[in-house]
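Biologist: I'm new to this one, so could you walk me through it bit by bit?
Modeller: Sure, have a look at it and then ask away.

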Amino acid sequence: MILALEKVSKNFGGLAALSDVSFSIGKGEILGVIGPNGAGKTTLFNLITGVLSPSEGRIVYQDRAIVGLKPHKITEMGISRTFQNIRLFGQMTALENVMVGAHCRTKAGLWQGLWQTKAQQKEEKAIRGKARAMLELTGIGDEVNTFAGALSYGKQRRLEIARALASDPDLLLLDEPAAGMNESETEDLRLLIAKIQQLGKAVILIEHDMHLMMNVCERFVVLNFGRKIAEGSPVSIQENPAVIEAYLGKEDV
Ligand SMILES: Nc1ncnc2c1ncn2[C@@H]1O[C@H](COP(=O)(O)OP(=O)(O)OP(=O)(O)O)[C@@H](O)[C@H]1O
């Protein structure tokens, strides 16, 4: 097991965004988190990555309790993510965007790097190589010098994944990576996620595209109004009455 949530709750004032949620994910597993809008999916990612602290409960990553640790520390430990709304530096090249992602694992920060020693120059070169490799892996190796803001939407989503991979995570959290993608871009994304799994990384995927989800996820956790209402294989989830009911009348799914 790589990550476990134990009875995690998160309240925002009087609103229970998550209530008593427990589940775990194994090394190299692809877990889907689904649920109608407002079910608490993004809040879950914010809790795992340390952006928010749970009101109650424990989160254990690689046998260490991580609640209370700073987000950068959690990234260093091997968890990285992409965001529902693309967060790239539009005026920086694709390569530079990925290099920012890789810097969390190095001794010299990006800005300290302006005054470089020999050792830092060597480190910088290694990061550049790593960033190029991540662009190749995500299928945008020919866009090294393109400004992120000039890339197509599908390529920007790939670049976000490349940046998240640059910190060498063992667990990758993808928040609606197929949003806004056309059919062929979504198919490419499916292949990319499979490739990431082959590298031994675990992935938690939030996505509304059910066709994609049923094709890539080995197991699902279903949330509704902040509660876990089901967990299991793609087939068991599709046949689960509580899941069907949660989605009935939801036009966006
Ligand atoms: N920082 C916050 N302050 C107050 N309420 C919040 C905050 N973040 C989320 N919420 C609320 O918590 C609930 C869960 O939100 P969350 O974004 O986690 O849902 P979601 O399942 O990711 O939804 P979507 O599919 O629309 O992205 C919603 O009612 C939302 O309005």
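**A guided look**

Modeller: One thing to spot as you get your bearings: Glu176 sits in the loop that links E7 and H6. Keep in mind that this is a predicted model.

Biologist: Okay, and how exposed is Glu176, counting C-beta atoms within 10 Å?
Modeller: Its phi is near 50 degrees, a positive value in a residue other than glycine. For the exposure, 20 or more other C-beta atoms within 10 Å would make a residue buried, and 12 or fewer exposed. Glu176 has 19 of them, so it ends up partly exposed.

Biologist: Then what about Gln62, buried, exposed or partly exposed?
Modeller: Gln62 is not a glycine either, yet its phi is positive at about 45 degrees. You'll find Gln62 in the loop between strand E4 (56-61) and strand E5 (64-65). With 14 other C-beta atoms within 10 Å, Gln62 counts as partly exposed.

Biologist: Let's zoom out. Which element gives the largest share of the side of domain 1 that touches domain 2?
Modeller: The domain assignment gives domain 1 as 1-78 + 169-253 and domain 2 as 90-162. Helix H2 (71-77) and helix H6 (183-198) each supply at least two residues of the side of domain 1 that touches domain 2. The largest share there is four residues, and it comes from H6.

Biologist: And how many residues of domain 2 are in contact with domain 1?
Modeller: The C-alpha centres of the two domains are 26 Å apart. On the domain 1 side, 10 residues take part in the contact. By class, that side has three nonpolar, three polar and four charged residues. On the domain 2 side, the number is nine.

Biologist: Which strands are at the edges of the six-strand sheet?
Modeller: That open sheet has the order E6-E7-E8-E3-E9-E10, with mixed pairing. Each edge strand pairs on one side only, and these are strand E6 (79-81) and strand E10 (227-232).

Biologist: What is the bridge partner of Asn224 in E10?
Modeller: Strand E9 (residues 219-224) runs antiparallel to E10, and five bridges join them. For Asn224, the partner in E10 is Arg227.

Biologist: Back to H6: at about what angle does H6 run to E8?
Modeller: H6 lies across strand E3 (30-34), strand E7 (171-175) and strand E8 (202-206). Its angle to E8 is about 150 degrees.

Biologist: There's a four-strand sheet too. Which residue in E4 stands opposite Ser9?
Modeller: This open sheet follows the order E2-E1-E4-E5, and its pairing is antiparallel. E2 and E5 are the edge strands, each pairing on one side only. Strand E1 (residues 3-12) is joined to E4 by five bridges. Opposite Ser9, in E4, stands Glu56.

Biologist: At about what angle does H1 run to E1?
Modeller: H1 lies across three strands, E1, E2 and E4. Against E1, H1 runs at about 115 degrees.

Biologist: Last one: which element gives the largest share of the shell around the ligand?
Modeller: Residues around the ligand include Phe12, Gly38, Lys41, Thr42 and Gln84. By class, the shell divides into four nonpolar, seven polar and one charged. Strand E2 (15-25) and helix H1 (41-48) are the elements that give two or more residues to the shell. The largest share, three residues, comes from H1.

Conventions. Residues numbered from 1 in each chain as written. Predicted model: local features only at pLDDT ≥ 70, side-chain atom pairs only at ≥ 80, totals over all residues. Domains from an automatic or database assignment. Contact = placed C-beta atoms within 7 Å. Nonpolar A, V, L, I, M, F, W, Y, C, P; charged D, E, K, R; others polar. Pairing = 2+ DSSP bridges. Axes fitted to C-alpha atoms, helices over the stretch in contact; angles between N-to-C directions. Near = placed C-beta within 6 Å.
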